[in-house]
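Welcome to this guided tour! Please open the model in your viewer and keep the selection tool ready.

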Amino acid sequence: MSRVYNFSAGPAVLPTPVLAQARDELLEWDGAGASVLEISHRGREFMGIAESAERDLRDLLDIPPAYKVLFLQGGATLQFAMVPLNLLGDKHTIDVVNTGHWSKKAIAEARRFAEVNVCASSEDTNFTTVPALSEWRLDAEAAYVHYTPNETIGGVEFPWIPETGAKPLVADMSSTLLSRPLDVSRFGVIYAGAQKNVGPAGLTIVIVRDDLLGHTAPNAPSLFDYQKQADNGSMMNTAPTFSWYMAGLVFAWLKQQGGLATMAEVNQRKANKLYACIDESGGFYRNPVEPSCRSWMNVPFTLADASLDSEFLQQAGRADLVALKGHRSVGGMRASIYNAMPEAGVDALVGFMREFQRRYG
Ligand code: PMP
């Protein structure tokens, strides 16, 4: 068996010990006489798996008791709709911050249900910065404020949590959740598609403050109702059992690593090494993002000579460094370096980039 270093943005690398454990348990889960893939989501065995996954996630993020944790489907994209359906109540307007590709997706979907006030935007810097809080123009009547703490494509990350007073703050944390400790109490809703830092695709984590439950639009599908999902332990219908199980293994692995404070140290070091390689290349490689808001998880970069892109990707592939092609909307390269990317993978990438520059620079 040989595993490459996989820099995919998602579905993304999973910890090798987690995959090995899943393999070892695949035919028979812990005395159940059947695979975890084959057992009822309502049975004693799976309920145990579900509960320990939630407990470990609560431990890792230190989630206050007044928050529900939901394990849903539909990806972060469905949350672009579920958040307004659940939080608008009798209001009509929401505030949304635009920091790039995923903010725009969230805005477009929310417009189906609400008046969207784009309260701040970094479009004037081509989304290479985050807008200073002093520039945000919140609508007093807006039901909540939505932002994207980490833009997976642009590689722009907020180094601070916005203060929005009494107005609930909603965050699409798809590509940053679990990368570091987080003060959950600052948020009304946090959501994330699992397929980056949490586990396989097919699962969506939603963390929602209790007082925001119970205001769902009356004609919303029942499955979209946070309150109903919470009342039913996220099992109104058949749950995404395998993804939930795998997420539980990832949470246990994170605790074994020392939790999120340890992950933050390692993640910052990994990101610093990669950005240093880019910045010290004298323009051979370039990352356009303002240094204070560079993402720890997604590092886009371009070559000064774009005609070398395919050579770079081919040679990287031969060195077992894969999935480095940038998103089709921006081109160039992108290295996603989530929790499960070992520091040795970043060292190997940096070594490769320096050698590539020596030969072609
Ligand atoms: N938001 C962000 C920040 C993302 O990175 C992604 C996926 N790349 C999405 C939303 C969409 O997620 P999903 O595919 O789970 O709907």
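How many Å is a nitrogen atom of the ligand from an N or O atom in the side chain of Lys196? Select Lys196 and the ligand together: the answer is 2.9 Å. Keep in mind as you look around that this is a predicted model.

**Stop 1: around the ligand**

Stay with the ligand and add Gln195 to your selection. A polar side-chain atom of Gln195 is 2.9 Å away from one of the ligand's oxygen atoms. Next, pick Ala76, and this time look at the backbone: one of its N or O atoms lies 3.1 Å from an oxygen atom of the ligand. Of the 400 Å² of accessible area that the ligand has on its own, the protein covers 84%.

Now show the residues that surround the ligand, including Thr77, Phe80, Trp102, Asn150 and Asp172. Try colouring this shell by residue type: you should find 3 nonpolar, 6 polar and 2 charged residues. Which helix gives the largest share of the shell? Select residues 75-87, and you have helix α3, which supplies 4 residues.

**Stop 2: the sheet beside α3**

Keep α3 on screen and switch to a cartoon view. This helix packs on a sheet, where it touches β2, β8 (169-172), β9 (189-193) and β10 (204-209). The direction of α3 makes about 160° with that of β9.

Now trace the sheet from one side to the other. Its 7 strands follow the order β2-β10-β9-β8-β5-β3-β4, forming an open sheet with mixed pairing. At the edges you will find β2 (67-72) and β4 (115-121), each of which pairs on one side only. From one strand to the next, the twist averages 20°.

For a closer look, select β3 (residues 93-98) and β5 (residues 145-147). These two strands run parallel and are joined by 2 bridges. Zoom in on Asp95 and you will see Val145 of β5 standing opposite.

**Stop 3: another sheet**

Move on to β11, β12 and β14. In that order, these 3 strands form an open sheet with antiparallel pairing. Because β11 (285-286) and β14 (333-336) stand at the edges with a single partner strand each, one side of each has no neighbour in the sheet.

Select β12 (residues 298-303) along with β14: 4 bridges link this antiparallel pair. Which residue of β14 stands opposite Pro300? Click across from Pro300 and you reach Arg334. Then bring in helix α7 (residues 259-279), which lies across β11, β12 and β14 and runs at about 15° to β12.

**Stop 4: two unusual spots in the backbone**

Here is a general hint before you click: most residues other than glycine have a negative phi, and most peptide bonds are trans.

Select Gly10 and Pro11. The peptide bond that joins them is cis, with omega at about -5°. Pro11 sits in the loop between β1 (5-6) and α1 (16-25).

Finish at Ser234, in the loop between α5 (226-231) and α6 (241-257). Is the phi of Ser234 positive or negative? Phi here is near 60°, so the value is positive, in a residue other than glycine.

Definitions and conventions. Residues are numbered from 1 along each chain as its sequence is written. This is a predicted model: local features need pLDDT of at least 70, side-chain atom pairs count only at pLDDT 80 or more; totals for chains, interfaces and linings use all residues. Side-chain values use heavy atoms; hydrogens and water are left out. Two strands pair if DSSP finds at least two bridges between them. Contact means heavy atoms within 4.5 Å. Axes are lines fitted to C-alpha atoms, for helices over the stretch in contact, and angles run from 0 to 180 degrees between N-to-C directions. A residue is near a molecule or strand if one of its heavy atoms lies within 4 Å of it. A polar contact is a pair of N or O atoms within 3.5 Å; within protein, one must be able to donate a hydrogen and the other to accept it, and residues adjacent in sequence count only if both atoms are side-chain atoms. Accessible areas come from the Shrake-Rupley method with a 1.4 Å probe; for residues, only the protein chains shown count as cover. Ala, Val, Leu, Ile, Met, Phe, Trp, Tyr, Cys and Pro count as nonpolar, Asp, Glu, Lys and Arg as charged, and the others, Gly among them, as polar.
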